[in-house]
Amino acid sequence: MLERLFRLRENQTTFRTELLAGLTTFLTMAYIIVVQPAVLTGELFVPTLGPEARTGMDFGAVTVATCLSAAIATLIMGLLANYPIAQAPGMGENFFFVLTVVPAASALAVVHSGQTTAWQVALGVVFVSGVLFLALSLLGVREKLLSAISPTMRNGIAAGIGIFIAFIGLQNAGVIVKDPGTAVKLNPRLLSPELIVFFLGLVVTTALCALRVRGAIIWGIATGTLIAVGIRWLATTWPPLGESTLMVESRLMLPPDKGGFVPADSIFSPPPSLVPTFLKMDILSALSLTMLPYILIFLFMDLFDTLGTLVGVSEQAGFIKDNQLPRVKQALISDATGTVIGASLGTSTVTSFIESAAGVEQGGRTGLTALTVAILFVCSLFFYPLVRMIGTYPPITAPALVVVGSMMMRNVLKFDWANYAEVLPAFVVMLGIPLTYSIADGLALGFITYPLVKLCSGQGRNVHWLMYVIAAILAVYLVGLRG
């Protein structure tokens, strides 16, 4: 049956190869199980933004929503498109959800006090954008929309989000701290437990990536966890160390119910309840004029992520023939369906993961690889206490953010460096996203700059008409809605 369903012989692969490829892909992207609930609940931003960063979403429910949406979307990709491409809530979209959409939705939540919350409105925005993804995919429009934005601008967005993610990782680890004179500075306490955990985790993760070890990021997270547990053990068994200023101030001293570490015999447990986030999206509020710009931004972010991943992984696997990617419509439909399902379950935009390239390198060529990944995501639900422990201690996951951010920076190699009218707007996006601490504002600055620079340089005719429309909408957004 597997041969008939996935055409293993036709794709010159075997059952064993596909299973190993699926395991490889899962290991390289499993960090999302830890990072996603920490991001959507706001726990990841508490060290830098304070307790008000918490969104009110339930950590356990978001964990379940993350695993289930990844499993379902990846399963659809494997069965419908027969591609070895895994899907999960995307990095970048989740930060945009928490740092931009939730604050914007808070005003609507106040207006409808007692009936909705900001995160429910934000989920509604994701749901509506997912429905649009699906409609555009079914109509074959999404492939055509890609031509509206130049490759340099698309790669500038990816690089800018990469810098933003890495910057947040450095802040969460405590490497970069606030300073009233210069905004930020290097933390002088480089021997604090948090920074020790971060730097050792970063070194291990980077070394494993350089050695091309499969699952380098998740192994780095595991290493950071063991180091943190070791430091906490020393603090509790050696009184002088436990009474030192550094250890008293460290979050490693907190009990399990306050974000500390769980006992080894409590690692396994039934999955948490999905009820707190299941079907809690506020679609009506999301359809308001205030939230329209965010729906459009989610639309384009997911479009770029998905098509970029499809093209990159397909080139590596040799799927593209005569400049055409077979079954591209099915692949895009699976991505759009994943976003709709994800929002219904309680998580942000689901998209194709570039880490799928690791499984392709291992030999994965069919949807059986994706099926393997889907099964592993479901199995991970039974390790919730461990996920909770890791996800609520930022120095453990911070190295993953820095490494993922650095990987996204390779997109600058794809810039059209010979045309400065292309490079400058992309550079504005790259700087705008981290410096404004907002993906939406960074994109707005770049998208407004792009047609203006092209017009002034005599290249206005080379700009797609849709870019002028987007620039006008975003200008109204910045001056009107934000003003």
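## A walk through a helical model

Of the 483 residues of the protein, 57% count as buried, where buried means under 20% relative accessible area, exposed means over 50%, and partly exposed lies in between, with a 1.4 Å probe and protein chains only. This is a predicted model, in which local features need pLDDT of at least 70 and side-chain atom pairs count only at pLDDT 80 or more, while totals for chains, interfaces and linings use all residues. Residues are numbered from 1 along each chain as its sequence is written, and side-chain values use heavy atoms, with hydrogens and water left out.

The protein has 23 helices and four strands; these are DSSP runs numbered from the N terminus, with helices (H or I) of at least four residues and strands (E) of at least two. Among contacts between residues at least 6 apart in sequence, 79% join residues at least 24 apart, a contact being heavy atoms within 4.5 Å.

Let us start with helix 2. Its 15 residues, 15-29, reach 21 Å from the first C-alpha to the last, close to the 21 Å expected at 1.5 Å a residue; the expected span is 1.5 Å times one less than the number of residues. The buried residues of helix 2 include E18, A21, G22 and T24, and T25, F26, L27, T28 and M29 are buried as well. An α-helix has 3.6 residues a turn, so residues three or four places apart point the same way.

Now follow the chain to helix 9, residues 151-173. Its 23 residues should span 33 Å at 1.5 Å a residue, and its end C-alpha atoms are indeed 33 Å apart. Helix 9 is largely enclosed by the rest of the structure, because 18 of its 23 residues are buried. Just after helix 9 comes G174, with a positive phi of about 90°.

What packs against helix 9 at an angle of about 25°? The partner is helix 21, residues 420-436, and the two axes are 8 Å apart. Axes here are lines fitted to C-alpha atoms, for helices over the stretch in contact, and angles run from 0 to 180 degrees between N-to-C directions. Helix 9 and helix 21 are therefore roughly parallel to each other; that label covers angles under 35 degrees, with roughly antiparallel for over 145, roughly perpendicular for 65 to 115 and oblique for the rest. The crossing of helix 9 and helix 21 is right-handed, the near helix being turned clockwise from the far one by less than a right angle, whereas anticlockwise would make a crossing left-handed. On the helix 9 side, the contact is made by residues including T152, M153, G156, G160 and F164, and helix 21 contributes, among others, E422, V423, P425, V429 and I433.

Helix 5 and helix 18 offer a second pair to look at. Helix 18 covers residues 367-379, and its axis lies 8 Å from that of helix 5, at an angle of about 165°. That makes helix 5 roughly antiparallel to helix 18. Residues C67, A70, A71, T74, L75 and G78 of helix 5 make the contact with helix 18, where the residues involved include G367, A370, L371 and F377. This crossing of helix 5 and helix 18 is left-handed.

The loop between helix 18 and helix 19 (384-391) holds S380. At 11% relative accessibility, S380 counts as buried. Not counting residues up to four places away in sequence, S380 touches F26, I33 and C67. Of these, F26 is one of the buried residues of helix 2, and C67 takes part in the helix 5 contact with helix 18.

Helix 16 (residues 328-345) brings two more serines into view, one of them S344. S334 is also found in helix 16, and S334 is buried, with a relative accessible area of 0%. Beyond four places in sequence, S334 is in contact with A73, I76, M77 and Q87. S344 counts as buried at 15% relative accessibility. Its contacts, again leaving aside neighbours within four places, are F127, T277, F278, L279 and M281. S344 and F127 are 217 residues apart along the chain, yet their C-alpha atoms are separated by 7.0 Å. The side chain of S344 also reaches the backbone oxygen of V340 at 2.9 Å.

Finally, a word on backbone angles. Most residues other than glycine have a negative phi. N82, not a glycine, has a positive phi of about 55°, and R212, also not a glycine, has one of about 60°. Are these residues buried or exposed? N82 is buried, with a relative accessible area of 5%, whereas R212 is exposed, at 67%.

Terms used:
Polar contact = N/O pair within 3.5 Å; in protein donor to acceptor, adjacent residues only side chain to side chain.
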